[in-house]
Amino acid sequence: MTMQERSPGLRARARAWSMMTLLLLGCVPDEPDPPEPAEGRSPPSTRAAAATVAWSEVDSIDVDAFNADLEPGALTMDVGVYFPSNLDPGFDLVTLPRVMESLRAAKEIYAPTGVQIRLLWVKTGELDPRHFAIRSSEFPGVPNGGYVNMYEHARRHPSIPTQGALDAFEAIIEPTPEAHRTLFLVVLQDVFYPFTEVAEGRNWTVKSVRTGGLSWPTYSYVGTMPERFRGVITLSNLKRPDRYRRTIAHEIGHKVMNVSHEYRETHPGHEVYADGGLMLYGDGEEIPSGEAGRWHLERLRLSPFLYRLGADGAREWNADYREEGHYYDPIYGEYVVHFDAAPPIPEGW
Ligand SMILES: [Zn+2]
């Protein structure tokens, strides 16, 4: 273990620690990070390396049957499922049948776009329980002051995955040559996502939302997620009927359209409740096209996670991101929306 290998984790913890001081001043409860480890204690990355999961395929899932309707030549995305076998007995928010039901629904939802979903595997195995619950990213330090829109702000101040999240992915995601092009559906008990919000006046606060699914999108984690983990999507609640049909399709949408919660006239935000589009919180399943549809269909079809299967079985991949996959990455050309920033607090503060 060299100093170079240790220092990023230590720096991250130092950042988290100084942030904790700020958060305590701001009265945000329950900072989950432990205090600085004592000298000589193994850093988290060392412990993670010893806990890589020995995955095995679930016998009861017929992958070939799931893929029976795939057509060569059509745009396709590859999806692998990791479902830990030893989750806590009290956790019943995600079951394997629900995952498969939601994945089948995703196939239906994407069918009108001409994009098909190919299931690679459904695997199970024992995961180190300390990975069951994670915080997705470091607490955001700089709220958007309203001079640039949320995508521009995210490029300047991207989400940074926590060491705990990276340790979990290191244990879970098997290294394959196409890992950076594969969508990994990972079932975890809890993934907390921190974000900033105006509290009152000119004061912001940091909140953490307990996610039912989190897509870890590249428009948010711009250049901060190791490439081999950029396809990870976590699933933590498929129990409610209004969740399980759309959840996987919606989370895949964040990844492959590379957009937040937005639809036609609705500019993106963290939590937008309305019906219509797949990318809002509501009942909608539409993936609209054209400028009026915010280019969702066009962006989907350009995704680096998609390929065309040749007659010889070779995969012809879409072009990869050129600027780490921010919303305005040059691969999208004109298929972007330039919208104004919204002032987060009233003038005259
Ligand atoms: Zn979402």
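**A walk through the model, starting at a hairpin**

Begin by selecting Gly201: in the hairpin of S6 and S7, which has 2 residues between its strands, Gly201 takes a positive phi near 55°. Keep in mind as you look around that this is a predicted model.

**Along the hairpin**

Now colour strand S6 (residues 190–200) and strand S7 (residues 203–210). The two run antiparallel and are joined by 8 bridges. Two of the pairs are easy to pick out by number. Select Glu200, and you will find Asn203 as its bridge partner in S7. Then move to Pro194, whose bridge partner in S7 is Ser208.

**Out to the sheet**

Next, add strand S4 (133–135) to your selection. Together these strands form an open sheet of 3 strands in the order S4-S6-S7, with mixed pairing. Which strands stand at the edges? They are S4 and S7; each has a single partner strand, so one side of each is left without a neighbour in the sheet. Turn the view to see the twist: on average, neighbouring strands of this sheet are turned by 30° against each other, ignoring direction.

**Two helices that cross**

Leave the sheet and select helix H4 (residues 96–110) along with helix H8 (residues 247–256). Their axes come within 7 Å and cross at roughly 60°. H4 and H8 are therefore oblique to each other. To see where they meet, show the side chains of Ser102, Leu103, Ala105, Ala106, Ile109 and Tyr110 on H4, and those of Thr247, Ile248, Ala249 and Ile252 on H8. What kinds of residue make up this contact of H4 with H8? There are 8 nonpolar and 2 polar residues, and no charged ones.

**A buried isoleucine**

Stay with Ala106 and Tyr110 for a moment, since Ile117 touches both of them. Select Ile117, which lies in strand S3 (residues 115–125). Is Ile117 buried or exposed? Ile117 has 23 other C-beta atoms within 10 Å, so it is buried. Not counting residues up to four places away in sequence, Ile117 also touches Met77, Val79 and Lys107. For one more stop here, draw a line from the C-alpha of Ile117 to that of Asp78: these residues are 39 apart in sequence, yet 6.1 Å apart in space.

**Zooming out**

Finally, show the whole chain, which has 9 helices and 13 strands. Of its 349 residues, 36% are buried. Among contacts between residues at least 6 apart in sequence, 72% join residues at least 24 apart.

Terms used: Residues are numbered from 1 along each chain as its sequence is written. This is a predicted model: local features need pLDDT of at least 70, side-chain atom pairs count only at pLDDT 80 or more; totals for chains, interfaces and linings use all residues. Two strands pair if DSSP finds at least two bridges between them. Helices (H or I, at least four residues) and strands (E, at least two) are DSSP runs, numbered from the N terminus. A residue is buried if 20 or more other C-beta atoms lie within 10 Å of its own, exposed if 12 or fewer, and partly exposed in between; C-beta atoms are placed from the backbone. Two residues are in contact if their C-beta atoms, placed from the backbone, lie within 7 Å. Axes are lines fitted to C-alpha atoms, for helices over the stretch in contact, and angles run from 0 to 180 degrees between N-to-C directions. Angles under 35 degrees count as roughly parallel, over 145 as roughly antiparallel, 65 to 115 as roughly perpendicular and the rest as oblique. Ala, Val, Leu, Ile, Met, Phe, Trp, Tyr, Cys and Pro count as nonpolar, Asp, Glu, Lys and Arg as charged, and the others, Gly among them, as polar.
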